[in-house]
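Student: Could you give me a close look at how the helices pack against one another in this model? I'd also be glad to hear about any enclosed space.

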Amino acid sequence: MKEVVPDIERWRGRGERFALATVVATRRSAPRPVGSKLAVSEGGELAGSVSGGCVESEVYGAAREVLDGAPPQLLSYGISDDQALSVGLPCGGEIDVYVQVPDPEVVERVLGLAASEERAVVLTDLETGEQRLVRDTELERGRSRLVELDGRRVFADVYGPPPRLLVFGAVDTAEALCRAAKEIGWRTIVADARGKFATPERIPSADELVVAWPDEVLARVEPDHATAVVILTHDDRFDIPALQGALAGESFYVGALGSRRNQARRRERLLEAGVPEETVDRISGPAGLDIGADSPAETALSILAEILAVRAARAGGPLKEAPGRIHAAV
């Protein structure tokens, strides 16, 4: 939604209605993920994409129809012999696209959410087009997806702030991690009790720098289910309280840099501190995938790749050996 918000606000400012096309399901390798949007204004302007160009012209036509009064439409596209030349998806995937004129009141509330970065879910009944905005913790935890509610097929479009990366230790790898994470749209926070290290000059890619001890940082940031925590400090004064605090919260990933010997020593310290063994086992340490990383930039890439794999419930191995679909399942 974020990519089409400026255009939608511009159209609304001019009093123009618009249609919204949303990818509600994908099969096999699809060019755009579920939740991707193409907005079409009454004046014929376009914003966003549902297929990277493969089916945009067809979807545009459907959008014009619903703007002219036609009911919402659920469209399916795939690489079949009949469709290959007229519509076609060169990557071989299939997508379902729902086209409708969205509820103005829901649009107003969603735009407010985008500005405040609050979490919420817009439920759209695919039969009637009826929409409502709800606060539902379970639905908010997942990605946008099709769900069944009261026997009806509903698209749950999840809105909220981007995932967060919280890094303890303002070292060179922290800057490389923040730089890479920002490229994929994440919010980055770097914390270090040493003020000389946590400076904008050393870590220019961090969205936020926090000079404080781990317990203060965790109380301030409040890592949630959309937060990954990485510890880079190599110092028990920072490592142990940071790991204890992160493991006690909802963070979907907790990783720590360091040798296997250092990991074993940390593990013993945490167990001695009363952290349950199954909780300690959540730590990804040494953090990262085995790609032979050496430099800070390579190490950051390795760690971020593991974070993404954990978030998608993937093993993180070679795609050629993966039995399932290429893109993350919803």
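**Helix packing and enclosed space**

Tutor: Happy to! Let's start with helix 5, which passes helix 10 in a right-handed crossing. Please keep in mind that this is a predicted model. Helix 5 covers residues 172-183 and helix 10 covers residues 296-311; their axes come within 8 Å and cross at roughly 55°. Angles from 35 up to 65 degrees fall outside the roughly parallel and roughly perpendicular ranges, and the two helices are therefore oblique to each other. On the side of helix 5, the contact is made by D172, T173, A176, L177, A180 and A181, and helix 10 answers with P296, A297, T299, A300, I303 and L304. Sorted by class, this contact has 9 nonpolar, 2 polar and 1 charged residues.

Now set that beside a second helix pair. Helix 7 (residues 236-248) and helix 8 (residues 260-272) pack at an angle of about 60°, with their axes 11 Å apart. That angle makes helix 7 oblique to helix 8, and their crossing is right-handed. From helix 7, the residues in contact are D236, D239, I240, L243 and Q244, while helix 8 brings R265, R266, R269 and L270. Here the class count reads 3 nonpolar, 1 polar and 5 charged residues.

As for enclosed space, the structure holds 2 cavities of 30 Å³ or more. The largest cavity has a volume of about 180 Å³. Among its 18 lining residues, L20, Q100, Q131, D157 and Y159 are the closest to its centre. Several elements share in this lining: strand 1 (18-27), strand 5 (94-100), helix 3 (104-116), strand 6 (120-125) and strand 9 (152-159) each supply at least two residues. By class, the lining of the largest cavity has 12 nonpolar, 4 polar and 2 charged residues.

The second largest cavity contains about 50 Å³ of space. Its lining consists of F168, G169, A191, D192, A193, A212, W213, P214, V217, T233 and F238, which divide into 8 nonpolar, 2 polar and 1 charged. As you turn the model, you could return to helix 7 at this point: F238 lines the second largest cavity, and helix 7 spans residues 236-248. D236 and D239 of that helix are among the residues in contact with helix 8.

Technical notes. Residues numbered from 1 in each chain as written. Predicted model: local features only at pLDDT ≥ 70, side-chain atom pairs only at ≥ 80, totals over all residues. Heavy atoms only, no water. Axes fitted to C-alpha atoms, helices over the stretch in contact; angles between N-to-C directions. Helix = DSSP H or I, 4+ residues; strand = E, 2+ residues; numbered from the N terminus. Parallel < 35°, antiparallel > 145°, perpendicular 65-115°, else oblique. Left-handed = near helix turned anticlockwise from the far one by under 90°. Contact = heavy atoms within 4.5 Å. Nonpolar A, V, L, I, M, F, W, Y, C, P; charged D, E, K, R; others polar. 1 Å grid on protein atoms, 1.4 Å probe; cavity = no way out; pocket = protein on both sides within 12 Å on 5 of 7 lines; lining within 4 Å. Points joined across faces, edges and corners; volume = space filled by probe spheres on them.
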